[in-house]
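Work through the exercises below with the sequence and the model open. Each task is followed by a solution in steps.

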Amino acid sequence: MAFMSLNGIDVSYDKKKQILKGLNLEVEEGELVSLLGPSGCGKTTTLRIIAGLEQPDSGSVWLEGKDVTNL
């Protein structure tokens with residue numbers, strides 16, 4: 001079981017342009033991960049979802065086996 005898991009994360013800010021579509025990511029305990037990509041590809045949005053500062057339109061965020069999507 002992954003320490004942190006993103007499952008099917010979808011985010012759209014204006015209901016027209018989808019920022020994240022079906023994002024899946026698993027991070028094991030002690031693993032280092034880097035998000036790389038061009039401006040506007042969803043790196044900051046992904047981090048804000050993980051931190052709980054943004055709510056995904058769909059999908060779930062799991063931390064240590066607990067669903068923390070709506071906390």
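**Exercise 1. Fold order**

Which pattern does the protein follow, read along the sequence?

Solution. The model is a predicted one. Start with the inventory: the protein has one helix and four strands. Then put these elements in order along the sequence, which gives β-β-α-β-β.

**Exercise 2. Overall dimensions**

Decide whether the radius of gyration agrees with that of a compact globule.

Solution. Take the expected value: for 71 residues, a compact globule would have a radius of gyration near 11 Å. The protein has 12 Å, which agrees. Along the principal axes, the C-alpha atoms fill a box of roughly 35 × 25 × 20 Å. For the surface, about 5000 Å² is exposed, and carbon and sulfur atoms supply 54% of it. Buried residues account for 25% of the 71 residues.

**Exercise 3. The nonpolar core**

Identify the residues of the largest nonpolar core and the strand that gives the most to it.

Solution. The core has eight residues: Met4, Leu6, Ile9, Val11, Leu20, Val27, Ile49 and Val61. Next, assign them to strands: E1 (4-12) and E2 each supply at least two. E1 gives the most, with four residues.

Now follow two members of the core. Leaving out residues up to four places away in sequence, Leu6 touches Leu23, Asn24, Leu25, Thr46, Ile50, Ser60 and Val61. Val61 lies in strand E3. With the same kind of neighbours left aside, those within four places in sequence, Val61 contacts Ser5, Leu6, Ile9, Ile49, Lys66, Asp67, Val68 and Thr69.

**Exercise 4. Buried or exposed?**

Classify Val61, Val33 and Glu64 as buried, partly exposed or exposed.

Solution. Buried means under 20% relative accessible area and exposed means over 50%, with partly exposed in between.

- Val61 has 4% relative accessibility, so Val61 counts as buried.
- Val33 has 47%, so Val33 counts as partly exposed. Val33 lies in the loop between strand E2 (18-27) and helix H1 (43-51).
- Glu64 has 56%, so Glu64 is exposed. Glu64 is placed in the loop between strand E3 (58-63) and strand E4 (66-67). Its phi is near 50°, a positive value in a residue other than glycine.

**Exercise 5. A surface patch**

Which residues make the nonpolar surface patch of about 320 Å²?

Solution. The patch is made by Val33, Leu35, Leu47 and Ile50. Of these, Val33 was placed above in the loop between E2 and H1.

Terms used
Residues numbered from 1 in each chain as written. Predicted model: local features only at pLDDT ≥ 70, side-chain atom pairs only at ≥ 80, totals over all residues. Heavy atoms only, no water. Patch = residues over 30% accessible without salt bridge, like charges linked within 9 Å, V, L, I, M, F, W, Y side chains within 5 Å. Areas by Shrake-Rupley, 256 points an atom, 1.4 Å probe, with all protein chains shown as cover. Salt bridge = Lys/Arg side-chain N within 4 Å of Asp/Glu carboxyl O. Buried < 20%, exposed > 50% of the residue type's maximum accessible area, 1.4 Å probe, protein only. Core = buried A, V, L, I, M, F, W, Y, C linked by side-chain atoms within 4.5 Å. Contact = heavy atoms within 4.5 Å. Rg over C-alpha atoms; globule rule 2.2 N^0.38 Å.
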